[in-house]
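Welcome! Here are a few short exercises to help you find your way around a new structure, each followed by a worked solution. Keep the sequence and the 3D view open as you go.

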Amino acid sequence: MQAAASGGAGTSIDQIDQIDQIDHIAGARAGEPKALASLYRAYGAALYRLAYRLTGTPQDAEDVVHDVFVGLPEALGRYEERGSLVGWLKRVTARVALMRLRTRTRRGEVTLDATLPTVDRPAEVESEALRSAIDALPDRLRSVLVLKEVEGYSHAEVGQLLGISEGASRVRLNRAMKRLRKMLEDGR
Amino acid sequence: MTWKEDLRALPAPEPPDELLSRILASRAAGVRVVLPRERPTVSRRVALLLIAAAAAVVLMMSTRGGERRSVDTANAYQDIAAALPFWPPDAMAQEARPAHPPRYEPVRNLRVARAHGGTWTYQACSVFDDVLTKCHARFTIAVSKAERDGQSVWLVSQHEKTVRDWPSDAKDTIRTPLDSAYVDPATLRPIYHEINGKGFHFVRRITGDTVHETLDIGGAHPRSWRTNASIPGARDAPFVLRWARFDVALLLQVLPLERGWRGSVYSVGLVGPDPSKAAISPIDLRVVGSGRIEVPAGTFDCWKVELRQGDDTRLTLWASKDRGWLVKTELREPDFRAESALLSATPPAP
């Protein structure tokens with residue numbers, strides 16, 4: 001890595017990043033803490049945000065990212081380095097977050113996050129309204145909305161992640177949008 | 001900006017600073033997590049064809065008849081373990097996997113003065129596919145002050161009554177034997193546990209960090225074992241007897257539950273004839289929410305506590321905020337749910 005980084009003429013920043021990443025993946029596969037920490041610094045925040053948007057609570061997001069990185073060295077054995085690493089990591093994170101959602105019930109009780117002081121939340125009122133409306137969506141609708149509209153997955157990919165058909169993903173997104181729109185209009 | 005753009009621009013919190021060190025500490029402590037694999041895409045039609053083919057094979061095999069394999073009488077362990085009324089049955093005679101290290105710090109700062117006696121009766125229900133509900137079991141947990149070897153202890157017991165309506169429609173009432181334990185009130189460590197069933201006698205004594213297990217089975221093929229195993233963790237740390245709901249119920253009374261609280265305790269299951277395969281592993285507890293829960297015994301403000309054992313088992317417990325009563329439990333699987341809810345309590349709910 002050092003040789004590549006000090007690189008000769010013609011080694012672009014992208015190539016250096018690529019080489020760094022390959023090194024980090026190899027190191028993380030071998031269970032090296034430094035390599036794992038480098039991958040965390042590069043992708044941890046993005047994965048945490050994805051987990052937070054899917055689960056709706058910082059505690060669950062923290063546990064999801066913890067589990068993803070603790071399991072990463074062994075899981076990297078299945079990463080074939082064909083697609084982008086961040087795309088693969090996001091799919092793994094989404095699956096772990098969705099597994100967590102499935103084990104969670106939301107009947108009657110308030111999630112801990114909903115009781116946290118609002119200083120932890122976005123300051124703007126409109127953002128807050130949108131955030132609250134998303135939180136109020138049932139898990140099965142929120143997960144489609146987040147994966148499709150925030151993360152930019154196609155319906156086919158959302159269907160694959162959630163174990164539903166592409167058509168069901170479209171229907172759920174439609175329902176999520178309708179509910180969201182209604183909640184935002186009612187809140188005005 | 002459209003609201004879709006707003007959605008994408010919606011801020012989310014940053015991960016806490018200590019998360020990386022928590023991850024590295026877990027790895028260093030030997031924690032391993034098996035992440036889900038990518039699912040191969042299978043079309044609905046192919047899936048239906050596969051299901052149909054599997055059904056045909058099952059049908060063919062079931063109509064072939066033939067001799068059933070006889071029970072392996074040499075394997076006394078599975079036979080004996082299956083006779084014990086642990087719940088759920090994954091404590092029984094499974095091949096033990098390497099112990100999972102605790103996810104959290106050991107529980108501490110127990111509010112032992114909050115522990116109190118009483119009797120709590122629960123209704124246990126199973127729900128299949130969110131449709132078929134069976135509520136055929138009731139169990140009662142009793143906690144009282146007692147003495148053992150001149151020492152003040154908590155005597156905790158549980159008995160269960162189940163109505164069985166299979167294989168025919170005739171309803172049989174089955175009462176499982178009384179399950180009792182003495183618990184040290186200062187540390188919440190069980191010191192003696194006994195189940196006296198029809199045809200078997202099962203005892204666990206705990207001295208220091210060792211559990212001494214004794215099992216005697218009578219009847220036509222009497223068998224028994226005497227075995228010991230070490231209990232990990234500090235000698236004054238509380239632990240629970242796996243799947244015996246009563247000691248979790250007592251522990252909940254004294255845990256300093258609050259927002260964000262988490263802690264791990266060891267659970268001690270069946271040691272069996274091979275102590276290297278003893279079912280001793282941590283259970284990880286975490287407050288994940290709070291809410292008002294309505295059960296037949298009343299309405300309670302509760303902490304919602306997630307109980308995890310290894311990677312597979314997740315149980316949700318609701319503990320009342322005022323006295324730490326176990327109000328409700330829920331075990332959720334993709335197509336199955338087991339719930340228990342408080343029916344009545346003595347003394348009655350405040």
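**Exercise 1.** Which residues does A:Leu147 touch, not counting residues up to four places away in sequence?

*Solution.* Keep in mind that this is a predicted model. Start at A:Leu147 and look first at lower residue numbers: it touches A:Leu50, A:Leu54, A:Ala94 and A:Leu98. Then look at higher numbers, where its partners are A:Gly152, A:Tyr153, A:Val158, A:Leu161 and A:Leu162.

**Exercise 2.** Find the largest nonpolar core and work out where it lies with respect to the domains of chain A.

*Solution.* Step one is the size: the largest nonpolar core has 62 residues. Step two is its best-connected members, which are A:Phe69, A:Leu76, A:Leu85, A:Trp88, A:Leu145 and A:Leu147. Step three is the main contributor: helix α3 (residues 33-55) of chain A gives 12 residues, the most of any. Step four settles the location: domain 1 (1-116) and domain 2 (118-188) of chain A both contribute residues, so the core lies between them. Apart from this core there is another one of 46 residues, including B:Ala115, B:Val143, B:Val183 and B:Leu255. As a general background, nonpolar side chains in soluble globular proteins tend to be buried together.

**Exercise 3.** Describe how α3(A) packs with helix α7 (residues 139-150) of chain A.

*Solution.* Two packed helices are described by the angle between their axes and the distance between the axes. Here the angle is about 145 degrees, and the axes of α3(A) and α7(A) are 8 Å apart. Next, list who meets whom: α3(A) brings A:Leu50, A:Arg53, A:Leu54 and A:Thr55, while α7(A) brings A:Arg142, A:Ser143, A:Val146, A:Leu147 and A:Val150. Finally, sort this contact by class: five residues are nonpolar, two are polar and two are charged.

**Exercise 4.** Is B:Asp247 buried or exposed?

*Solution.* First locate B:Asp247, in helix α5 (residues 245-254) of chain B. Its relative accessible area is 5%. Buried means under 20%, so B:Asp247 is buried. Now check its surroundings: B:Asp247 touches B:Pro190, B:Phe239, B:Val240 and B:Leu241, leaving aside residues up to four places away in sequence. B:Pro190 is 57 residues from B:Asp247 in sequence, and their C-alpha atoms are 8.1 Å apart.

**Exercise 5.** How many helices and strands does chain B have, and what percentage of its residues count as buried?

*Solution.* Chain B has five helices and 16 strands. Of its 350 residues, 45% count as buried.

Methods:
Residues numbered from 1 in each chain as written. Chains lettered and ligands numbered in written order. Predicted model: local features only at pLDDT ≥ 70, side-chain atom pairs only at ≥ 80, totals over all residues. Heavy atoms only, no water. Core = buried A, V, L, I, M, F, W, Y, C linked by side-chain atoms within 4.5 Å. Buried < 20%, exposed > 50% of the residue type's maximum accessible area, 1.4 Å probe, protein only. Helix = DSSP H or I, 4+ residues; strand = E, 2+ residues; numbered from the N terminus. Domains from an automatic or database assignment. Contact = heavy atoms within 4.5 Å. Axes fitted to C-alpha atoms, helices over the stretch in contact; angles between N-to-C directions. Nonpolar A, V, L, I, M, F, W, Y, C, P; charged D, E, K, R; others polar.
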